[in-house]
Amino acid sequence: MTRAFLFPGQGAQTIGMGQALAQDYAAAQAVFDEVDEALGEKLSDLIWTGSQDDLTLTRNAQPALMATSMAAMAALKSEGVTIEAAAYVAGHSLGEYSALCAAGALSLGDTARLLRTRGQAMQEAVPVGKGAMAALLGLDLATAQKVAKAAAQGQICTAANDNDPAQVVVSGHREAVERAVELAKAEGAKRAILLPVSAPFHCALMEPAAEAMTEALSHVDIERPAVPVVGNITAHAESSPMLLRNHLVDQVTGSVRWRESVLWMVAHGVTETWEIGAGKALTGMVRRIDKSLATRTVGTPDEVRAAAETLNG
């Protein structure tokens, strides 16, 4: 099997995620400790015993999900599974930072601080209530793009996430996104629903956040990753530190080309995906993109041990 390690994005966060990993694996606990130290606060307390509303705040959710993914990677390493077990890594939106950290391109502390900055900047880029996102279910990308263009009417409305063959998320000004919901239904969408998010991610309204990330990333070292990273913006693998840095800025306002990313990995020999960290959302998308792919989630101690057993015999 040729595998890719995939790292989840916002929406996968749940209270208690990663706690069992930290209890079973000292290396996983060390990840949470290092993230707490990097941020100067006990984010781990919020993740394990806080409120779901506080965890869902963008500034918290982004470093929390990364920490949980890196705790799972540390647990895998304790069982003898290193990043080289993957031919490629990829992450959905903020998950791209997790992928870079897992592949050794970014340090854990830098990744935590960058995601805190990113979450804060994305939250502050647009006044609350001015933007929105909506999932259009049952429409392909071309139809969703047509709907978004028709809905814009001088405002911003664009395809933000091409998640799988029948799920595209649009983002932009609230009024335009609301128009897109109605137009999508007229185009035959099975469902078109506004998402419970705090800001319109991955569209031109996020330009202030892109500027903040340009500044933040200018102070951080990015190394060549141990395995290539399949980027959201390009939907192909990259290892150049300079290009990886640029892509992290571009993806703030650019579309997440997840469907194309998975198809690119399949075309380059990937036969199995492991979703590392919280939730199973990416695994569901992968199955809808290509049913031939074997899938595995790695977010609990039992899943870590089972995954390691498949490699170590």
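1. Start with Leu137, which sits opposite Gln167 in S5. Keep in mind that you're looking at a predicted model. That pair belongs to a bigger arrangement: strand S3 (residues 131-137) and strand S5 (residues 167-173) are joined by 7 bridges and run antiparallel.

2. Now step back to the sheet around that pair. It is an open sheet of 4 strands, and if you walk across it you meet them in the order S4-S5-S3-S6, with antiparallel pairing. At the edges are strand S4 (157-164) and strand S6 (191-194), each pairing on one side only. On average, neighbouring strands here are turned by 20° against each other, ignoring direction.

3. There's another open sheet to find, this one with 6 strands and mixed pairing, in the order S8-S7-S2-S1-S9-S10. Its edge strands are strand S8 (237-238) and strand S10 (294-298), and each of these pairs on one side only. For a parallel pair, look at strand S9 (residues 272-276) and S10, which are joined by 5 bridges. Within that pair, Thr273 has Thr295 of S10 as its bridge partner.

4. Next, the helices that lie on these sheets. Helix H13 (residues 281-289) lies across S4 and S5, and runs at about 80° to S4. H13 also packs on the 6-stranded sheet, where it touches strand S1 (3-7), S9 and S10, and its direction makes about 175° with that of S10. Helix H14 (residues 301-312) lies across S1, S9 and S10 too, running at about 135° to S10.

5. How do H10 and H11 pack? Helix H10 (residues 207-217) meets helix H11 (residues 241-253) at an angle of about 165°, and their axes are 8 Å apart. Because of that angle, H10 counts as roughly antiparallel to H11. Their crossing is right-handed. On the H10 side, the contact is made by Glu207, Ala209, Ala210, Met213, Thr214 and Leu217. H11 brings in Arg245, Leu248, Val249, Val252 and Thr253. Sorted by class, this contact has 7 nonpolar, 2 polar and 2 charged residues.

6. Last one: is Asn60 buried or exposed? You'll find Asn60 in helix H5 (residues 58-78). Its relative accessible area is 6%, so Asn60 is buried, as the cut-off for that label is under 20%. Leaving out residues up to four places away in sequence, Asn60 touches Glu41, Leu43, Leu46, Asp54, Leu55 and Arg116.

Notes. Residues numbered from 1 in each chain as written. Predicted model: local features only at pLDDT ≥ 70, side-chain atom pairs only at ≥ 80, totals over all residues. Heavy atoms only, no water. Pairing = 2+ DSSP bridges. Helix = DSSP H or I, 4+ residues; strand = E, 2+ residues; numbered from the N terminus. Axes fitted to C-alpha atoms, helices over the stretch in contact; angles between N-to-C directions. Contact = heavy atoms within 4.5 Å. Parallel < 35°, antiparallel > 145°, perpendicular 65-115°, else oblique. Left-handed = near helix turned anticlockwise from the far one by under 90°. Nonpolar A, V, L, I, M, F, W, Y, C, P; charged D, E, K, R; others polar. Buried < 20%, exposed > 50% of the residue type's maximum accessible area, 1.4 Å probe, protein only.
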